[in-house]
Amino acid sequence: MHCPSTAETRGMVNTTLLQKLPKGAILINTARGDVVNDTDLITALKSGPLAAAGLDVFAGEPNIAPAYRNLPNTFLLPHLGSATAETRTAMGTRALDNIDACMAGDEVPFRVTA
């Protein structure tokens, strides 16, 4: 799954949604950590319909729910969603463009918004 974190999506992966998945489903979250209710997902991985989960993002990063670490059917990654050469180059270029604009007294072209 991949979606933005909004008021509508936060906590959307919960018991109700997980029970609708077919037995043996695998959840892969590369979206945002807060779209998943950790307690509900951990319960589903222990005893519910899910066969496994692959998680690249977590609520409360860098602190994650400790129970994930003990689940043999859970694959945890260190937020690698932006780890392509093209994305990292673009990120660096944006940072340099911001520095150039700031040093010239111009409006900073790229801002992070929540």
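V36 lies in the loop between β1 and α2. In this predicted model, V36 is buried, because its relative accessible area is 6%, under the 20% cut-off. Beyond residues up to four places away in sequence, V36 touches G11, V13, N29, L41 and Y68. V36 and D56 are 20 residues apart in sequence. Their C-alpha atoms are 12 Å apart in space.

D34 is found in the loop between β1 and α2 as well. D34 is partly exposed, because its relative accessible area of 30% falls between the limits of 20% and 50%. Its contacts are S5, R10, G11 and A59, with residues up to four places away in sequence not counted. G11 is thus a contact of D34 and also of V36. The C-alpha atoms of D34 and T15 are separated by 15 Å. These two residues stand 19 apart along the chain.

Confidence was examined next. The chain has a mean pLDDT of 88. A value of 70 or more is reached by 96% of the residues. Helix α2 has the highest confidence, at 95. Confidence is lowest in helix α3, residues 85-103, with a mean of 87.

The strands form an open sheet of three, in the order β1-β2-β3. The pairing is parallel. β1 (25-29) and β3 (74-76) stand at the edges, and each has a single partner strand, so one side of each is left without a neighbour in the sheet. Neighbouring strands are turned by 10 degrees against each other on average, direction ignored.

β1 and β2 run parallel and are joined by five bridges. β2 spans residues 50-55. A25 has L50 as its bridge partner in β2. I26 is bridged to A52 of β2. For N29, the partner in β2 is L55. On the other side of the pairing scheme, β2 and β3 also run parallel, with three bridges between them. One residue pair involved is G54 and its bridge partner in β3, F75.

Side chains along β1 alternate. A25, L27 and N29 point to one face and are buried. I26 and I28 point to the other face and are not buried. β2 is mostly covered, with five of its six residues buried.

Helix α2 comprises residues 38-47 and lies across β1, β2 and β3. The helix runs at about 135 degrees to β2. Together, β1, α2 and β2 make a right-handed β-α-β unit.

The largest nonpolar core contains 20 residues. The members that touch the most other members are L18, V36, L41, L45, L50, L55 and Y68. β1, α2 and β2 each supply at least two residues of this core. α2 gives the most, with four residues. Two of the residues already described return here: V36, the buried loop residue, is among the members with the most contacts inside the core, and L50, the bridge partner of A25, is another.

L55 links several of these elements. Its contacts are N29, L41, Y68, T74, F75, L76 and L77, not counting residues up to four places away in sequence. N29, one of these contacts, is also the β1 residue bridged to L55. L41 and Y68 are touched by L55 and by V36.

T74 lies in strand β3. T74 is buried, because its relative accessible area is 9%, under the 20% cut-off. T74 is in contact with L45, A53, L55 and Y68, leaving aside neighbours within four places in sequence. Of these contacts, L45, L55 and Y68 are listed among the core members that touch the most others. Y68 therefore recurs in the contacts of V36, L55 and T74, each counted with heavy atoms within 4.5 Å.

How values were computed: Residues numbered from 1 in each chain as written. Predicted model: local features only at pLDDT ≥ 70, side-chain atom pairs only at ≥ 80, totals over all residues. Heavy atoms only, no water. Pairing = 2+ DSSP bridges. Axes fitted to C-alpha atoms, helices over the stretch in contact; angles between N-to-C directions. Buried < 20%, exposed > 50% of the residue type's maximum accessible area, 1.4 Å probe, protein only. pLDDT = per-residue confidence, 0-100. Right-handed = clockwise from strand over helix to strand, strands pointing away. Core = buried A, V, L, I, M, F, W, Y, C linked by side-chain atoms within 4.5 Å.
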